Amino acid sequence: MAPPLITGVPLREAVARIGSRRYWEELCPYLHIDNKGLSTKRKLSKGERVRVKQELVEEGYSKVGGCELLDMSHVELLRRGIEDLVAEGWPPTFIGLYDECWQAVGAMQNNLKQVTDGRNSCNFDVVAWHVDPSKGQHGFSPHRDRQPEDWVPRGLPHDVEATFVKDEEGNLVAKYVTCWLALTEASPDNSCLNFVPAPHDPGYYQGDVEEQDPMERVFSCRKEAYQHIRSVPLSPGGCTFHTHRIIHWGSAAKPNAASRPRISLSCAFSTSDFEKAYVLKEEARSFSQFDFDLRLALCAGQMINYGDRFLNELGPHVLRVYHRVFSSLSHLFSDELFSLDYFPCCDEVRRYQAEIGNKYVQLASSVQDKMEEDINATAKKPGEEDEDEDEDEDEDILDSALDSILSAKVKGMKGFVDDFEDIYGHADFPADRKEMQRKQRKQLPAKFFGRVSRIRGILKGQGSKKKRGGKRGD
Ligand SMILES: [Fe+2]
């Protein structure tokens, strides 16, 4: 279900609606956006921290049962908030608009920092889930959270072992760990996490091989390998920690199971030399005290970041709205703020913006037919009143996505050029320009095509980027 608040609503109006803080406060009145919510300072016992660290090192994951990180009342508030968001058609990840979500992330970090000897910090990759058995839903299919293609473009060596750091005892501690918190019971009936422990996975430290799927490699040698799959049910408030290299997945819920939807919240914690925070340096401000607009930009950005997994649920119109929300709040990430040391990790912020832009261009390309239909359906009809006289609004969405990619490219960041060229062809147009243009028009909605020549101008230093940002909530 798409959110009725923005479904079929012209883009500009939809963006204004989603930016209304009052709307979100009224939707979940028991949650807070005023930094006056709960504070949670629970910590695992020293013995538990030692056990979690050891299991992370030896197996690649560790389970903390019971409700050790948060009070049950806090868990219940988050669960209720996600249920109410989903009932209104919003993604569960929009729980990130509320203080209670960031207080939970703070509690995760309190414990994880100690487990990783103080090295790993929240990188703001937060995702929430609502897996409903009655709808045949399931979690992510088997994957590793990070592969060389994620870190090599950042200038890091391909070597997988280098993504771990040796502690004083010689243990390899992961530079990237995810905490996955169950907000309801998570069971095989309503979907829970499953892991292939590190000792049974040849690609965990060595890396994967091109000619064989990592799962095939694990299971093709001997059937006993299946017996090592660890299914990890959790009660509400329980959590798992897992490294970036462990193969894991969320099982498919049993169709029509009597159990309630599985609701969960996850956040990643990484070392700054491996993956810096997306939007904030965590020491700059406490988790509960970054402002509403920035939370909104992050939630919208995350929906695009994971858009290939949610594309069917999102639909092209909602996707456009989310990218417009994300890009229209780019003033929050401006150089002005960088100069105030508000965002000391400015290059990482640019990279995050570029990654979201990159993802949006890919998604727009994959749903181009529907995207074009949607643009036509929600565009103002001739003669209709248009107070803003901004008929380029639709095109601006792709424009800003491409601008962010180019901005990263100009800064010398890698990892975006190939995708850009996959869609637009080589940056140098061939002699038969008409033929190239014909091909390009086939690849993206016609309305988007006009941006290419301007972008090429920017690449060659001939154009000037349109000033944008600061529109939301006017
Ligand atoms: Fe994952």
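Is Phe 124 buried or exposed, and how many other C-beta atoms lie within 10 Å? In this predicted model, Phe 124 is buried, because 23 other C-beta atoms are found within 10 Å, and the cut-off for that label is 20 or more. The residue lies in strand β2, and its backbone has a positive phi of about 70° although Phe 124 is not a glycine. The surroundings of this residue offer a way into the structure, beginning with the protein as a whole and then turning to the sheet that contains β2.

The secondary structure of the protein comes to 18 helices and 10 strands. Of its 474 residues, 44% count as buried. Among the contacts in the protein with a separation of 6 or more, 82% are accounted for by residues 24 or more positions apart.

Five of the strands form an open sheet with antiparallel pairing, and their order across the sheet is β1-β8-β5-β10-β2. The edge strands are β1, residues 61-64, and β2, residues 121-131, each of which pairs on one side only. From one strand to the next, the twist averages 15°.

Strand β2, where Phe 124 lies, is an edge strand and is nevertheless mostly covered, with 11 of its 11 residues buried. Its partner is β10, residues 262-270, to which β2 is joined by eight bridges, the two strands running antiparallel. Two of the pairings can be followed residue by residue: Val 126 has Cys 267 of β10 as its bridge partner, and Val 131 has Arg 262 of β10.

At the other edge of the sheet, β1 and β8 pair in the antiparallel sense over four bridges, and Tyr 61 stands opposite His 242 in β8. Strand β8 is also joined to β5, residues 176-182, by five bridges, again with the strands running antiparallel; within this pairing, Cys 179 has Phe 241 of β8 as its bridge partner. Strand β8 is mostly covered, five of its five residues being buried. The side chains can be sorted by direction, with Cys 239, Phe 241 and Thr 243 pointing one way from β8 and Thr 240 and His 242 the other way, and all of these residues are buried.

Just before β8 comes Gly 238, which is found in the loop between β7 (230-232) and β8 (239-243). Gly 238 counts as buried because 22 other C-beta atoms lie within 10 Å. Leaving aside residues up to four places away in sequence, Gly 238 touches Val 64, Gly 65, Gly 66, Cys 67 and Ala 182. Its relation to Lys 63 shows how the chain returns upon itself, since the two residues are 175 residues apart in sequence and 7.7 Å apart in space, C-alpha to C-alpha.

A second residue with a positive phi is Ser 191, at about 95°, and it too is not a glycine. Ser 191 is found in the loop between β5 and β6 (193-196), and it counts as buried because 26 C-beta neighbours lie inside 10 Å.The helices can be approached through their packing. Two packed helices are described by the angle between their axes and the distance between the axes. Helix α3, residues 46-59, and helix α5, residues 99-115, have axes that come within 9 Å and cross at roughly 65°, and α3 and α5 are therefore roughly perpendicular to each other. Their crossing is right-handed. On the side of α3 the contact is made by Arg 49, Val 52, Lys 53 and Leu 56, and on the side of α5 by Asn 111, Gln 114 and Val 115; these residues divide into three nonpolar, two polar and two charged.

Helix α5 also packs with α4, residues 72-87, and here the axes come within 10 Å and cross at roughly 130°, so that α4 and α5 are oblique to each other. The crossing of α4 and α5 is left-handed. The contact is made by His 74, Leu 77, Leu 78 and Gly 81 of α4 together with Glu 100, Cys 101 and Ala 104 of α5, a set that divides into four nonpolar, two polar and one charged.

Key. Residues numbered from 1 in each chain as written. Predicted model: local features only at pLDDT ≥ 70, side-chain atom pairs only at ≥ 80, totals over all residues. Buried ≥ 20, exposed ≤ 12 C-beta atoms within 10 Å, placed from the backbone. Contact = placed C-beta atoms within 7 Å. Pairing = 2+ DSSP bridges. Axes fitted to C-alpha atoms, helices over the stretch in contact; angles between N-to-C directions. Parallel < 35°, antiparallel > 145°, perpendicular 65-115°, else oblique. Left-handed = near helix turned anticlockwise from the far one by under 90°. Nonpolar A, V, L, I, M, F, W, Y, C, P; charged D, E, K, R; others polar.
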